[in-house]
Amino acid sequence: MSNVAKRQTSGLDKVLRVALYVCLLAMATVYLAPFIVMLLTSLKDVEEIRSGTLLSLPGSIDFSAWSKAWSGACTGSQCEGMAPYFMNSFKIVIPAVAISTLLGAINGYVISHWKFRGSDFFFAALLVGCFIPFQVILLPMARTLGWLGIANTTTGLVLVHVVYGVAFTTLFFRNFYQSIPGELIKAARLDGAGFFTIFYRIILPVSTPIIVVTVIWQFTQIWNDFLFGVAFSGFDTQPVTVALNNLVNTSFGGKEYNVDMAAAIIAALPTLLVYVLAGKYFVRGLTAGAVKG
């Protein structure tokens, strides 16, 4: 290839690269526009919101809406802000994620390397569980929680999310563990290693990528859940999503859009932080078991 042709190819590559970056920047701007509007609105006072435009910058940065959304906004008949419900969500999310991840790891380990009679049917039944709509289980689950005496409690919501999430976590771990050579497990069994010894010493050390995927998936699904929260929680055990809905639909006097926007960002912060800090590990974990060596 001549020098002229090389320069033309290099110039075309630069143009295409610039065009790609421009397209990506435009798409990112469109995608982030709602968040930018929410953030700008939360930093304005009510009068400035009514007299300005959605994308206008605040005349002066005011965090009073954030303070009120956290500890003073009314979510129905009480005006305690989002703080207590924020804590309720953590009381639900942390044990539910931990339990469903552990059960999914054990189930996936059994289905992939400790085949038993009916294991394929069991796995198929779990797959069906992944596609059952939330609405189908509302009445049976309500009866079950009442029978167990944990209705309208955070413990009841933990149970609901564990039951509904274990099908997904089992699927994740089973597909990942399929890439682990069966000969490795057989060799360990011949050496006298038992079920939990193999799981603890061989399986878990290589499970970090899929554990990260499962934790992020479950954390996001449970934190953002509204239907189970509104159906199975009591007034003092509502998760943050239910409290946000109550706050937005409760107004005494004029509507305070800045408080609503601040509350929405507060409710979304944990999931945003999870994806910002661990997003790349999520993608790596999804592809880690996709190709067998």
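# Exercises on an all-helical predicted model

Of the 44 residues that form the largest nonpolar core, Met82, Phe228 and Phe232 touch the most other members. The exercises below concern a predicted model, and each solution proceeds step by step.

## Exercise 1. The cores

Determine which residues Met82 touches beyond its sequence neighbourhood, and which residues a second core includes.

*Solution.* Begin with Met82, which, when residues up to four places away in sequence are not counted, touches Ala69, Trp70, Val240, Ala243, Leu244, Leu247, Ala263 and Ala267. Then turn to the second core, which is separate, has 17 residues, and includes Phe172, Tyr177, Val213 and Ile216.

## Exercise 2. The chain as a whole

Establish how many helices and strands the protein chain has, and how its radius of gyration stands against that of a compact globule of 293 residues.

*Solution.* Counting the elements first, one finds 13 helices and zero strands, so that reading along the sequence gives the pattern α-α-α-α-α-α-α-α-α-α-α-α-α. Next, the radius of gyration of the protein chain is 25 Å, whereas a compact globule of 293 residues would have one near 19 Å. The extents of the C-alpha trace along its principal axes can be set beside this value: they are about 80 × 75 × 30 Å.

The remaining steps concern burial, contacts and surface. Buried residues make up 38% of the 293 residues in the protein chain, and, of the contacts with a separation of 6 or more, 72% are between residues 24 or more positions apart. The accessible surface comes to about 16,800 Å², and carbon and sulfur atoms account for 68% of this area. Finally, the protein chain carries 19 positive and 13 negative side chains, and the centres of these two sets lie 17 Å apart.

## Exercise 3. Two residues of helix α7

His161 is found in helix α7, residues 154-177, and Leu159 lies in helix α7 as well. Classify His161 as buried or exposed, classify Leu159 as buried or partly exposed, and list the contacts of each residue outside its own stretch of sequence.

*Solution.* The cut-off for a buried residue is under 20% relative accessible area. His161 counts as buried because its relative accessibility is 8%, whereas Leu159, at 28% relative accessibility, counts as partly exposed.

For the contacts, neighbours within four places in sequence are left aside. His161 is then in contact with Ile92, Ala96, Gln218, Ile222, Asp225 and Phe228, the last of these being one of the residues that touch the most other members of the largest nonpolar core. Leu159, on the same basis of not counting residues up to four places away, touches Leu145, Leu148 and Ile150. As a last step, the C-alpha atoms of Leu159 and Tyr177, which are 18 residues apart in sequence, are 26 Å apart in space.

## Exercise 4. Tyr109 and Trp114

Locate Tyr109 and Trp114, and find which residues each one contacts.

*Solution.* Tyr109 is found in helix α4, while Trp114 lies in the loop between α4 (83-113) and α5 (119-130). Tyr109 is buried, because its relative accessible area is 0%.

Leaving aside neighbours within four places in sequence, Tyr109 is in contact with Trp114, Tyr177, Phe195, Ile198, Phe199 and Ile203; among them, Tyr177 is a member of the second core. Trp114, treated likewise, touches Tyr109, Ile185, Arg189, Phe195 and Ile198.

Two C-alpha separations complete the solution. Trp114 and Gly182 are 68 residues apart along the chain and are separated by 9.7 Å, whereas Tyr109 and Gly59 are 50 residues apart in sequence and 58 Å apart in space.

## Exercise 5. Ala262 and Thr220

Decide whether Ala262 and Thr220 are buried or exposed, and identify their contacts.

*Solution.* Ala262 has its place in helix α13, residues 257-288, and is buried, with a relative accessible area of 0%. Once neighbours within four places in sequence are left aside, Ala262 is in contact with Ser42, Ala65, Trp66 and Ala69, and Ala69 is also one of the residues touched by Met82. From C-alpha to C-alpha, Ala262 and Ala193 are 54 Å apart in space and 69 residues apart in sequence.

Thr220 is found in helix α10, residues 208-223, and is likewise buried, with a relative accessible area of 10%. Not counting residues up to four places away in sequence, Thr220 touches Thr271 and Tyr275.

## Exercise 6. The backbone at Asn152

Find where Asn152 lies and what sign its phi has.

*Solution.* Asn152 is found in the loop between α6 (138-148) and α7, and, although it is not a glycine, has a positive phi of about 60°. For background, most residues other than glycine have a negative phi. Asn152 counts as partly exposed, since its relative accessibility is 45%.

Notes:
Residues are numbered from 1 along each chain as its sequence is written. This is a predicted model: local features need pLDDT of at least 70, side-chain atom pairs count only at pLDDT 80 or more; totals for chains, interfaces and linings use all residues. Side-chain values use heavy atoms; hydrogens and water are left out. A nonpolar core is a set of buried Ala, Val, Leu, Ile, Met, Phe, Trp, Tyr and Cys residues joined through side-chain atoms within 4.5 Å. Buried means under 20% relative accessible area, exposed over 50%, partly exposed in between (1.4 Å probe, protein chains only). Contact means heavy atoms within 4.5 Å. Helices (H or I, at least four residues) and strands (E, at least two) are DSSP runs, numbered from the N terminus. The radius of gyration is taken over C-alpha atoms; the globule rule is 2.2 Å times the number of residues to the power 0.38. Accessible areas come from the Shrake-Rupley method with a 1.4 Å probe; for residues, only the protein chains shown count as cover. Lys and Arg count as positive and Asp and Glu as negative; His and the chain ends are not counted. The place of a charge is taken as NZ of Lys, CZ of Arg, CG of Asp or CD of Glu.
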